[in-house]
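Let's take a friendly walk through this model, with an eye on its helices and the empty space inside. Have the viewer open as you read.

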Amino acid sequence: MKLSFLARAAGIAAMALLAAATTGAQPNYPDKPVRIMVGASPGGGTDILARVLADKFSPVLKQPVTVENRPGASNTIAGELTARAPADGATLLLATNTAQAVAPHILKLKYDPLKDLTPIGLVAVMPNVLVVSANSPYKSVKELVAAMAAKPGGFKYASSGIGSTQHVGGEAFNLATGMKSIHVPYKGSSQAHIDIISGEVDMMFDSTSSAMGQIKAGKFRALAVSAPQRSPELPDVPTLAEQGIKGADVSTWYGLYVTAGTPRPAVDKLNAELVRTLKLADVQARIKALGGEPGALTGDPFAAMNKQEFDHYGQLVRDANIKAE
């Protein structure tokens, strides 16, 4: 999905905001603390964005809004807990396309992410970026691929879990280059970063939201952006396509969901609050500093995008023969 798609959806988002504003919400929602479930470890991109939302939501909802990290199983543990929570709007989920579009094609889940969760809206889209340790000898994708060709099966790439966008990105890269690197899954990006920095694992196709801090700190070297265009935050880093690697673009998107069956007035209130939050200058600046773009889809248009992505990644999983390991 190209980032420019979000700009074209701005008009749809504006209409969704108007609809939410005119619908009205039950005055007693929420009548207890709200939690945002996150399927990744603290410090990663999903966690960062969830804490931004919690900070902005709490004063308006007039309730404590906390972030609860439940990493593992390709972010789906948090998804299952949200799906099984009472449908009162007190449990939200900040999910990525890992759990919403990729993992269902690889893992046997105990819930249906398209039916058991109600979409609130798209929060952000981040391009993935191919990174190596700053101490790595590889300064370009060309050098990396040449080394992989000279040592078949001798390179390892990290991910935040089986079925994550990092996993899919790595396999798409293998497919596009004809190389074979070994997948090393972790319970979150922040844990994988430790082994990338030390050189224990050779590379990672991480989202800019979690990798940007390490890149700016000089611990990661970014070799390529896995998107149709360069990232404004990494203007000197070429895309994979610019370096001759086509068909391997994978981006990470983040969406807010609530338990299916939550009363419509509560859903509308959350919808309106998300749109308000994403229009705040400091929130937009935070998302852009992570290399991404704020979302511009809510409600049904966002649900349609999720289904389209679900189908897209299902095909990619089949083409790359990605399986649970």
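## Around the end of H9

Gly218, just after helix H9, takes a positive phi of about 80°. Keep in mind that this geometry comes from a predicted model.

H9 itself spans residues 208-216 and is mostly covered, with 7 of its 9 residues buried. Those buried positions are Thr208, Ser209, Ser210, Ala211, Met212, Gln214 and Ile215.

## The largest cavity

How many cavities of 30 Å³ or more does the model hold? The count comes to 2. The largest of them has a volume of about 150 Å³. Its lining is made up of 18 residues, and the closest to the cavity centre are Ala40, Thr46, Ser160, Gln166 and Ser189. If you would like to find the lining by element, look at helix H3 (45-61), helix H7 (165-177), helix H8 (189-198) and strand E9 (251-259), which each give two or more residues to it.

What is the chemical make-up of that lining, by nonpolar, polar and charged residues? It divides into 16 polar and 2 nonpolar residues, with no charged ones.

## The second largest cavity

The second largest cavity has a volume of about 50 Å³. Around it you will find Gly39, Ala40, Thr46, Asn75, Gly79, Leu93, Leu94, Ala95, Thr96 and Ala99. Strand E3 (residues 91-96) supplies the largest share of this lining, with 4 residues.

Two names may look familiar here: Ala40 and Thr46 line this cavity, and they are also among the residues closest to the centre of the largest one. By class, the lining of the second largest cavity has 5 nonpolar and 5 polar residues, and no charged residues.

## Where H6 meets H7

Helix H7, already mentioned for its part in lining the largest cavity, also pairs with helix H6 (residues 141-150). The axes of H6 and H7 come within 12 Å and cross at roughly 75°. An angle of 65 to 115 degrees counts as roughly perpendicular, so H6 is roughly perpendicular to H7.

Which residues make the contact between these two helices? On the H6 side they are Val141, Val145 and Met148, and these meet Phe173, Asn174 and Thr177 in H7. By class, the contact has 4 nonpolar residues, 2 polar residues and no charged ones.

How values were computed: Residues are numbered from 1 along each chain as its sequence is written. This is a predicted model: local features need pLDDT of at least 70, side-chain atom pairs count only at pLDDT 80 or more; totals for chains, interfaces and linings use all residues. Side-chain values use heavy atoms; hydrogens and water are left out. Buried means under 20% relative accessible area, exposed over 50%, partly exposed in between (1.4 Å probe, protein chains only). On a 1 Å grid over the protein atoms alone, a cavity is a set of points where a 1.4 Å probe fits but cannot get out, and a pocket is an open set with protein on both sides within 12 Å along at least five of seven lines; lining residues have an atom within 4 Å of a point. Grid points are joined across faces, edges and corners, and a volume is the space filled by probe spheres set on the points. Ala, Val, Leu, Ile, Met, Phe, Trp, Tyr, Cys and Pro count as nonpolar, Asp, Glu, Lys and Arg as charged, and the others, Gly among them, as polar. Axes are lines fitted to C-alpha atoms, for helices over the stretch in contact, and angles run from 0 to 180 degrees between N-to-C directions. Angles under 35 degrees count as roughly parallel, over 145 as roughly antiparallel, 65 to 115 as roughly perpendicular and the rest as oblique. Contact means heavy atoms within 4.5 Å.
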